[in-house]
Amino acid sequence: MPTLLETRASLQEAMVFLGALASGIEQAIGESANSISYLAGKHLGMAFSEDAPRTGDIEQALRSVTEILQKNNCLWQFEPFQPHDRPALVETTDAGDQVLLVFRDCMIRQSLFRFGHHQKGSLCNMMYGFFSGALLNIMRRDSTLEILHAGENGCYKKLTVGRTVSADTSLPERG
Amino acid sequence: MIEIEIHDQSCRGCQLCVDICPTKVFEYDAAQAKAVIRHAEDCIACLSCAYLCPSGALTHGNYHVVKNFYRDLDFSQKMEKFL
Ligand code: SF4
Ligand code: SF4
């Protein structure tokens, strides 16, 4: 059995490798790299949330995503955020229900910094994909995660969860 | 709550912090030609303002410092018990 330290060290090496890979792919195929990272994240999100309980409540779904990340030792800590001029944490818009999220510890940001790569690139799309995959399983909704601001010590994003049930027919039936 | 301060005498009024802050914590006070803190409660501690400020006039306190990747495995072994 590998020790926790060995697992962490291999995760770190994998992330640094991913950072280099993503940067190389961006140079080779441009914006298409975003879709590759997005899909990789989406598959991960779907796989990790396979057994997560279903809910239509966005705050409950976000708590489930946090639990899933912790359970899988993923260093992606986030929290919902309500600035002073926002009347409610969850805002209903034509595009869907929106929540602002602050991301603190993030293994993607750390691997980008380690390599001197810029933020908001294709690897950051992996997080978007992860949320899409997990929320598709948990809420049966399509969602988007837009980066509003990428900072040195935290990032600020807008999660929009569509209000209609996803048309994705690949979803397994669950009670 | 995150604490944030502008060192008044250092601020040169360039407004970089006003422009970069994603949650509109600062405003520009034209009379004083300096940045002022309007909504400290909205600071998410992204630290972009502190990194950008050419005068080093901004300081933050009581915030979560993100965990960096390990550089040294022996050192990280010692850290394990806190993680
Ligand atoms: S970035 Fe620094 S110097 Fe410029 S306005 Fe803000 S506090 Fe003042
Ligand atoms: S740390 Fe980020 S959120 Fe806080 S005042 Fe600076 S730019 Fe704004």
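## Close-up views of chains A and B and of ligand 1

**Figure 1. Chain A, in which buried residues account for 49% of its 175 residues.** The view is drawn from a predicted model, and the secondary structure of chain A consists of five helices together with five strands. Followed along the sequence, these elements of chain A are arranged in the order α-α-α-β-β-β-α-α-β-β. When contacts in chain A with a separation of 6 or more are considered, 68% of them are made by residues 24 or more positions apart. The accessible surface of chain A amounts to about 8600 Å², and carbon and sulfur atoms contribute 54% of that surface.

**Figure 2. The loop between α5 (124-139) and β4 (141-150) of chain A, where A:Arg140 is placed.** A:Arg140 is a residue other than glycine that nevertheless has a positive phi, with a value near 60°. The relative accessible area of A:Arg140 is 8%, and this residue is therefore classed as buried, the limit for that class being under 20%.

**Figure 3. Chain B, with a secondary structure of three helices and four strands.** Along the sequence of chain B, the helices and strands follow one another as β-α-β-β-α-β-α. Of the 83 residues in chain B, 40% are buried. Among the contacts in chain B that link residues at least 6 apart in sequence, those joining residues at least 24 apart make up 48%. For chain B the accessible surface is about 5200 Å², with 51% of it belonging to carbon and sulfur atoms.

**Figure 4. The loop between β4 (58-61) and α3 (73-79) of chain B, which contains B:Asn62.** Although B:Asn62 is not a glycine, its phi is positive, at about 60°. B:Asn62 has a relative accessibility of 52% and therefore counts as exposed, since that class requires a value over 50%.

**Figure 5. The surroundings of ligand 1, to which chain B contributes residues including B:Cys11, B:Cys14, B:Cys17 and B:Cys53.** Ligand 1 is also surrounded by B:Arg12, B:Gly13, B:Gln15 and B:Leu16, and further along the chain by B:Ala35, B:Pro54, B:Ser55 and B:Leu58. By residue class, the shell around ligand 1 is made up of eight nonpolar residues, three polar residues and one charged residue.

Notes:
Residues numbered from 1 in each chain as written. Chains lettered and ligands numbered in written order. Predicted model: local features only at pLDDT ≥ 70, side-chain atom pairs only at ≥ 80, totals over all residues. Heavy atoms only, no water. Near = heavy atom within 4 Å. Nonpolar A, V, L, I, M, F, W, Y, C, P; charged D, E, K, R; others polar. Helix = DSSP H or I, 4+ residues; strand = E, 2+ residues; numbered from the N terminus. Buried < 20%, exposed > 50% of the residue type's maximum accessible area, 1.4 Å probe, protein only. Contact = heavy atoms within 4.5 Å. Areas by Shrake-Rupley, 256 points an atom, 1.4 Å probe, with all protein chains shown as cover.
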